[in-house]
Amino acid sequence: MIFYRPHETWATRVHWRTSLPVGEEIVSIALSESCIVVWTSKAYVRVFRLFGVPFRVYRLKHTLFVVWRERVGGITSLAVKSLIEISSLQTQLAANLATQSAHIDNLVAVSMSTVENVQRGNKELTKARDKTSIGGSQFWRAGAFSGLVFICDWFI
């Protein structure tokens, strides 16, 4: 039995009811602004006007089930595709992480050798600073000798 009663009207007696054929039950019902659509257990789609007048009747053999199955199949297929894509992205991520780890290990090794080279250079600079310079003493010796030659040449 279908019973329709609008709630937004001032008219009297606009509600109606109708019965389906014997053995036929309502599986699904939908309401729009212009009609009521009922899907029944015998795979009929019955369309009624809002005033209770039957408008159309369609006989659909398993169409709604096929549409539902294809929809679920499409969703399942989409989920499988997504899982495959996620799996490939995880594999790619693992490979990239391994490559980055190798690069980081290489950078650490280069950094350690750089630190050792800097420390060795600092030791050499410290030794050079503490060493007495021969250049300074040679400069003063050459200056004294030149001064002596100049003075001797002046007087001779």
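Start with the whole chain in view: of its 156 residues, 11% are buried, where buried means under 20% relative accessible area, exposed means over 50%, and partly exposed lies in between (1.4 Å probe, protein chains only). What you have open is a predicted model, in which local features need pLDDT of at least 70 and side-chain atom pairs count only at pLDDT 80 or more, while totals for chains, interfaces and linings use all residues. Residues are numbered from 1 along each chain as its sequence is written, and side-chain values use heavy atoms, with hydrogens and water left out.

**The overall layout**

Now colour by secondary structure. You should find two helices and six strands, arranged along the sequence as β-β-β-β-β-β-α-α. Helices here are DSSP runs of H or I with at least four residues, strands are runs of E with at least two, and both are numbered from the N terminus.

**The salt bridge**

Next, select Arg46 and Glu24. Their side chains meet in a salt bridge, 3.0 Å from N to O, and the structure holds one such contact. The term stands for a side-chain nitrogen of Lys or Arg within 4 Å of a carboxyl oxygen of Asp or Glu. Arg46 sits in strand S5 (residues 44–49) and Glu24 in the loop between strand S2 (16–18) and strand S3 (26–31), so the pair ties together parts that are 22 residues apart in sequence. Are these two partners buried or exposed? Arg46 is buried at 14% relative accessible area, and Glu24 is buried too, at 9%.

**Two pairs to measure across**

Stay with the strands and pick Phe55, in strand S6 (residues 54–59). Phe55 is partly exposed at 40% relative accessibility. Draw a C-alpha to C-alpha distance from Phe55 to Cys35: the two are 20 residues apart in sequence and 8.7 Å apart in space.

For another pair, go to Val14, in the loop between strand S1 (2–4) and S2. Val14 is partly exposed at 23%, and its C-alpha atom is 9.0 Å from that of Leu50, 36 residues away along the chain.

**The cysteines**

Select Cys35 again, this time with Cys152. Cys35 is buried, with 17% relative accessibility, whereas Cys152 is partly exposed at 37%. How many disulfides does the whole structure hold? The search finds zero, taking a disulfide as a pair of cysteine sulfur atoms within 2.5 Å.

**Patches on the surface**

Switch to a surface view and select Arg120, Lys123, Lys127 and Lys131, which form a positive patch. Patches are built from residues with over 30% relative accessible area and no salt bridge, joining like charges within 9 Å and nonpolar side chains (Val, Leu, Ile, Met, Phe, Trp, Tyr) within 5 Å. Lys and Arg count as positive and Asp and Glu as negative, with His and the chain ends not counted. Lys131 lies in the loop between helix H1 (63–130) and helix H2 (134–155), and is exposed at 61%.

Finish with Phe150, Ile151, Trp154 and Phe155, a nonpolar surface patch with about 560 Å² of accessible area together, computed by the Shrake-Rupley method with a 1.4 Å probe. Trp154 belongs to helix H2 and is exposed, with a relative accessible area of 63%.

Terms used
The place of a charge is taken as NZ of Lys, CZ of Arg, CG of Asp or CD of Glu.
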